[in-house]
Structures are given as C-alpha cells and as structure tokens.
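Morning, everyone. Please bring up the sequence and the structure, and keep both in view while I talk.

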Amino acid sequence: AERTFIAIKPDGVQRKLIGEIVGRFEKKGFKLVGCKLLQPSRKLAEKHYAEHKGKPFYEGLLDFITSGPVFAMVWEGKEVVSTARSLIGLTDPLKSPMNTIRGDFGISVGRNIIHGSDSVESGKREINLWFAKNEIVKSGVTIEKWIYEN
Ligand code: GTP
Ligand code: MG
C-alpha cells in the first residue's frame, strides 16, 4: 500500500495540535504505521530539505525545524500522498482553504504546522530518512473492510 511521511513541525507540537491532526488522518480512514517524537539534528534537517538548499528561507527553515520536538509519522492507504496534501492545504496558510490543517490553524508560511511528502518517491525517501525499518509496523488495525470496497 502507498505510504507518506507526515511531520508535525515544532510550532504544531508546541501549540498542542498533535491530537487534532492525528485525528483528522485517522477519521479519513488512513492507517498509522509508525510515529515518534524527536528533535531532529541539523544533519537530518539538511537531508530532509535538501531540495531547498540555497533558497533565501533555507537557513531559517533549518533553524526552525530543529528548534524543538517534531512529531514524525508514517501513514498508509490508497492515494495517501496526494490526499494527505489535500488534508494539509497549501504552503501559505493564509491562501489555504478552511477545513485544511494549515487553513484552520496557521497564518505564516514559515510557521505552517505540518509537513507532508509531495510525491510517492519523496515519501519513500523521507520515510527511509526518518525511520528505521523496525520502527514501522507490518499490520496494525484491520478495519479495511469498513474503509475499502475491495
Ligand atoms: P513541506 O510539506 O514542509 O515540504 O511544505 P510544502 O511542500 O508545502 O512547501 P515547500 O516544500 O515548497 O517548502 C518547504 C517549507 O519551507 C514550507 O513548508 C515552508 O515552511 C518553507 N517555505 C517555503 N517557501 C517559503 C518562503 O517563501 N518563505 C519562508 N519563510 N518559508 C518558506
Ligand atoms: Mg515540500
């Protein structure tokens, strides 16, 4: 099944949005197969945001993402990568529709609460970067028949 990497950034953790955000993914029907709270190292943050190296906001982004605990997760389900991006909203919270996570809880681009992989390929790369193989469960809850027709 498809998997995506989702991380609640330090602002989301400090603002006590972990439960709210996990709840939205759970209620949609996706399956949580891994999670942990950690303060990422500079090295991990650099690897995670490598595509943004050299951009004006890059150093500030690294400072921010390493500034406190991050709640890292792996979610699984049909089309979870693109659907998670829909649940999250747009990069700029002010342009993000209501009923999306960033639209409901954010104001600033640099404090946009949550990260979600932007493609299946990125998802694989990010899951491997943030999680060891044995930190991801094989099969968790078995309510598939109530979520999927086949
Ligand atoms: P992520 O899920 O965090 O990867 O966000 P995204 O995919 O919606 O945006 P993108 O990958 O383009 O940028 C990564 C992160 O860098 C964003 O979530 C923002 O926090 C930050 N960022 C992007 N563009 C800007 C910008 O123009 N200014 C600032 N301050 N931060 C930015
Ligand atoms: Mg991105």
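**A strand with two faces**

Let's start with strand β3. Val70, Ala72, Val74 and Glu76 point one way from β3, Phe71, Met73 and Trp75 point the other way, and all are buried. One thing to keep in mind throughout: this is a predicted model.

So how well covered is β3, which spans residues 70–76? Seven of its seven residues are buried.

Now look at the partners of β3. Strand β1, residues 3–8, runs antiparallel to β3, and six bridges join the two. Strand β2 also pairs with β3 in the antiparallel sense, over seven bridges. Here is one pair from each side. Ile8 stands opposite Phe71 in β3. Lys31 has Glu76 as its bridge partner in β3.

**Ile8, a buried residue**

Stay with Ile8 for a moment. Ile8 lies in strand β1. Is Ile8 buried or exposed? Its relative accessibility is 0%, so Ile8 counts as buried. The cut-off for buried is under 20%.

What does Ile8 touch, leaving out residues up to four places away in sequence? From β3, Ile8 touches Val70, Phe71 and Met73. The list also takes in Val13, Leu17, Ile18, Ile21, Ile113 and Ile114.

For a sense of scale, pick out Lys78. Ile8 and Lys78 are 70 residues apart in sequence. In space, C-alpha to C-alpha, they are 21 Å apart.

**Helix α5 and the loop after it**

Next, helix α5. Its buried residues include Val80, Val81, Thr83, Ala84, Leu87 and Ile88. Which elements do the buried residues of α5 pack against? They pack against β1, α2, β3, α6, β4 and α7. Just after α5 comes Gly89, with a positive phi of about 100 degrees.

Then we enter the loop between α5 and α6. Two residues here are worth setting side by side. Ser96 is in that loop, and so is Thr91. Ser96 has a relative accessible area of 4%, so Ser96 is buried. Thr91 has a relative accessible area of 47%, so Thr91 is partly exposed.

Their contacts come next, again without neighbours up to four places away. Ser96 touches Ile88, Gly89, Leu90, Arg102 and Gly103. Thr91 is in contact with Arg102, Val109 and Asn112. Notice Arg102: it is on the list for Ser96, and it is on the list for Thr91.

**The largest pocket**

On to the empty space. Rolling a probe the size of a water molecule over the atoms shows where empty space is left. The largest pocket has a volume of about 450 Å³. Its lining is made of 22 residues. Which of them lie nearest the centre? Those are Lys9, Tyr49, His52, Thr91 and Asn112.

By type, the lining holds six nonpolar, nine polar and seven charged residues. Helix α4 and strand β4 each supply at least two residues of this lining.

Now add the UniProt record. An unreviewed entry carries the annotation "binding site" at Lys9, Phe57, Arg85, Thr91, Arg102 and Asn112. The lining of the largest pocket takes in Lys9, Phe57, Arg85, Thr91, Arg102 and Asn112 from that set.

Take Phe57 from the set. Phe57 sits in the loop between α3 and α4. Its relative accessibility is 43%, so Phe57 counts as partly exposed.

**His115**

The UniProt record has another feature for us. Where does the unreviewed entry place "active site"? UniProt puts that feature at His115. His115 is found in strand β4. With a relative accessible area of 11%, His115 is buried, because buried means under 20%.

The contacts of His115, beyond four places in sequence, include Lys9, Tyr49 and Arg102. Also among them are Phe5, Ile6 and Ala7, along with His48, Ile88 and Glu126. Lys9 and Tyr49 are among the residues nearest the centre of the largest pocket.

**The second largest pocket**

Last stop. About 260 Å³ of space lies in the second largest pocket. Of the 15 residues that line it, Gly29, Phe30, Lys31, Ile143 and Glu144 are the closest to its centre. Strand β2 and helix α8 each give two or more residues to this lining. The lining divides into seven nonpolar, two polar and six charged residues.

And Lys31 brings us back to the start: its bridge partner in β3 is Glu76.

Conventions. Residues numbered from 1 in each chain as written. Chains lettered and ligands numbered in written order. Predicted model: local features only at pLDDT ≥ 70, side-chain atom pairs only at ≥ 80, totals over all residues. Heavy atoms only, no water. 1 Å grid on protein atoms, 1.4 Å probe; cavity = no way out; pocket = protein on both sides within 12 Å on 5 of 7 lines; lining within 4 Å. Points joined across faces, edges and corners; volume = space filled by probe spheres on them. Helix = DSSP H or I, 4+ residues; strand = E, 2+ residues; numbered from the N terminus. Nonpolar A, V, L, I, M, F, W, Y, C, P; charged D, E, K, R; others polar. Buried < 20%, exposed > 50% of the residue type's maximum accessible area, 1.4 Å probe, protein only. Pairing = 2+ DSSP bridges. Contact = heavy atoms within 4.5 Å. UniProt positions renumbered as here; feature names shortened; annotations may be inferred.
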